Every structure is written in C-alpha cells, then in structure tokens.
Amino acid sequence: MVYRWFQNIVFAQPEFLWLLLLLPVMLVWYFMKGKDAPSTFMVSTIRNFPARSWKQYLRHILPILRVAATGALILALARPQQRNLEEQVTGEGIDIMLCLDVSGSMLAQDFIPNRLEAAKEVAANFVESRPTDRIGLVIFSGESFTQCPLTSDRKMLISQIFNIRSGFLEDGTAIGSGLATSVDRLRSSASATKIVILLTDGENNGGMIDPSTAKEIAKTLGVKVYTIGVGTEGTAPVPHRTPMGVIMQMEKVNIDEKLLTEIANETGGKYFRAKDKNALQKIYNEIDQLEKSKVEITTYRRAIEKFHPLVIIAFGLLLLEIILRATIFRKFP
C-alpha cells in the first residue's frame, strides 16, 4: 500500500530528503550511548546479576518512535504531491467521408482474414488517429448507403465500421453511386478541406450515377478524392455459397486503375494500390500525413498536497513516545 502511494507521488522540495541520512546516525548514536553508560552497581557472582525485565528490552522502542517521527516530518518538509495532467484538445478539423466497397468480392482472402475485415480494421485505426476531424461512412456495392453521417463521435463511428457486413446491399460495384453519396454528405460542410477516401476492389458495373458524373460533382463542390484499389495481382480465393455449403473459387482481380487514377487526379487527390494489409495501413498513414489537421493540445497540471498525513503520523508517534515515557517507562528517583 505504501509502495503504491509513493508511485503516484512527486516531491516539490526534494532537497529536504537529504535529511533522511540523519536517521541512521540518530539510531547509531543512541545505541553507542547505551553501551558507554557506566554500570550503577557491582556484582560479585553471576547469581547476584539481576535478570533483565521486558521493560528494559522494550525501552528501545522510544528512540525508534522518535526516529520514525523525525522521518515523517522530513518527508512532510519535502512536500509530497500528487500531480494530475489534464489535456484539452482543440483545433481546426477536416471533414472526411470514408467510402467503402462491401461487394461480395471484398470477402476475397488475399488479405488476412479477408479484404473487407482488413479494410475495416485499418479504417478504424485511421479514425482513432484523427481527434479533431468530423468523419462519416458510406458503403456501396450495387447501390450505396450512408452507414454514418459526419460525426466527431469516434467511438460511435468505429462501432459502425465494425458493424459493416457484406450482403446487406444489392451485389455489384457502383463506384459512381458510392462517390456521389459521399460527396452529397459533404455538400453542406463549412470545412475548408473536404475529403473522400474511396476504397474498392473492382470495376464499376452498376448504380444510377456514372463515376464520371460523380467526379464532376466532387470537383464542383471542391471535394478532394483519394482512391484506393485493393487486391493482389492475378487471382484471389473468393468464398461462394452453394447448396452444398461455402466453396472457394479463384477469381481474377479486376481493378479499374485508370478510372480510380482519373478520379483522384482531377479532384486533387491521389490513387493508391494496396496488395496486402500492410500496404493498406501504409496508405492510410500517408493520407493521414498529407491531410494534417491543426491540432492544439493544452496541458493543465494540478498538484494536490499530500504532506498532511505525514504530519499527523509524526505528531502521533511523538505523542505515543511521551505517553509511554510518562507511564510504562517512567523513571522513578
């Protein structure tokens, strides 16, 4: 308990702790003085030597109490304090929409455990690293859906990210619809910087809005789009449900890199290709560095004085010594 208390304590005047070196000197001086004291009587035989009583043995507790009280007072003079640090984060954030492909091909297992789960984990880490931004989430496959509007509640958004499931929407890859929905969510944003991070593993093959039209809307509204193509080179194992259960089929990875590059370049963003989970994490880290928010962290230090218990202990020990010396260990003339 005492050790745990001292772990959270700092001393405002630690120079007084040097006085603790006097404590062993006080004890040594007491015992040396006792040895040098002259005997008050002579004995002629061992039979006449008086046996020591319990009072004579326990009398040594008196100087020990005094030394302990002195030690407590020295610690009190050093002013032990418990310091708490409080941080207040303020700044100018960015409005970001995450636009995530949730089509059936995102269950391909060329990422561990699959593309969708890897994308969710990396996106959640990205959200956690942006304390002053408002971030939202749009998912798309054959159609698009706003999973979470712009919010500064990171815990709620991360929960929504991990709640994403493939198969919730009509299957397909409607890149244009996903981008258009994301841009529309940023339409009323007053932020100076508005960003969409669009992640997909395929080619546009559905939706009501053409990707080129969505791109033009983004340009008009001043929305910067970062695009990410996920998937290995060649083929990847993709699970399919059949009457016989789930079977794995090797399917060719088809990413429309030309379209994704065009969307990114014309809106002021950048196109990335992620062939594994580590590469995807590095991409989000790079976007994090490219789009820095203005963050100010104000630290408040608060100190709580903790010397009062030590003063009480010291005076309690001194009072106990006085009482014992006046009662049990009282010397009679």
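A residue counts as buried when its relative accessible area is under 20%. With a relative accessible area of 17%, L75 is therefore buried. This reading applies to a predicted model, and the same cut-off serves for the other residues discussed below.

The protein has 11 helices and 11 strands. Of its 333 residues, 37% are buried. Among the contacts with a separation of 6 or more, 81% join residues 24 or more positions apart. The structure holds zero disulfides. Two of the cysteines can be placed by their accessibility. C99 has a relative accessibility of 1% and so counts as buried. C148 counts as buried because its value is 2%.

L75 is a convenient place to start, as it belongs to helix α4. Its C-alpha atom is separated by 7.6 Å from that of F16, and the two residues are 59 residues apart along the chain. A69 also lies in helix α4, which covers residues 61–77. At 0% relative accessibility, A69 is buried under the cut-off. Which residues does A69 touch, leaving aside its neighbours within four places in sequence? They are A314, L317 and L318. E321 can be located from A69 as well: the two are 252 residues apart in sequence, while their C-alpha atoms are 9.7 Å apart in space.

After helix α4 comes a loop that leads to β2 (80–92), and R79 is found in it. The phi angle of R79 is positive, about 55°, although the residue is not a glycine. Is R79 buried or partly exposed? Its relative accessible area is 30%, so R79 is partly exposed.

A further backbone feature sits in the loop between β3 (95–101) and α5, where P113 has its place. The peptide bond from I112 to P113 is cis, with omega near -5°.

The loop with P113 leads to helix α5, and the next topic is how this helix packs. Two packed helices are described by the angle between their axes and the distance between the axes. For helix α5 (residues 115–128) and helix α6 (residues 154–162), the axes come within 9 Å and cross at roughly 175°. An angle over 145 degrees counts as roughly antiparallel, and α5 and α6 are therefore roughly antiparallel to each other. On the α5 side the contact is made by K120, E121, A123, A124, V127 and E128, and on the α6 side by R154, L157, I158, I161 and F162. These contact residues divide into seven nonpolar, no polar and four charged.

In the sequence, two strands lie between these helices. Strand β4 (residues 134–140) and strand β5 (residues 144–151) pair in the antiparallel sense over five bridges. Together β4 and β5 form a hairpin, with three residues between them. Across this pairing, F140 stands opposite S144 in β5.

In a regular strand the side chains alternate between the two faces of the sheet. One residue of strand β5 to look at is Q147. At 17% relative accessibility, Q147 falls under the cut-off and so counts as buried. Which residues does Q147 touch, not counting those up to four places away in sequence? They are L137, V138, I139, Q160, N163 and I164. Of these, L137, V138 and I139 fall within the residue range of strand β4, and Q160 falls within that of helix α6.

The hairpin strands are also part of a wider arrangement. Six strands form an open sheet with mixed pairing, in the order β5-β4-β3-β6-β7-β10. Which strands stand at the edges of the sheet? They are β5 and β10 (271–274); each has a single partner strand, so one side of each is left without a neighbour in the sheet. Neighbouring strands of the sheet are turned by 15° against each other on average, direction ignored.

The sheet also has a helix lying across some of its strands. Helix α9 (residues 257–267) lies across β6 (194–200), β7 (223–230) and β10, and runs at about 155° to β7. One of these strands, β10, is an edge strand of the sheet.

Notes
Residues numbered from 1 in each chain as written. Predicted model: local features only at pLDDT ≥ 70, side-chain atom pairs only at ≥ 80, totals over all residues. Heavy atoms only, no water. Disulfide = S-S within 2.5 Å. Buried < 20%, exposed > 50% of the residue type's maximum accessible area, 1.4 Å probe, protein only. Axes fitted to C-alpha atoms, helices over the stretch in contact; angles between N-to-C directions. Helix = DSSP H or I, 4+ residues; strand = E, 2+ residues; numbered from the N terminus. Parallel < 35°, antiparallel > 145°, perpendicular 65-115°, else oblique. Contact = heavy atoms within 4.5 Å. Nonpolar A, V, L, I, M, F, W, Y, C, P; charged D, E, K, R; others polar. Pairing = 2+ DSSP bridges.
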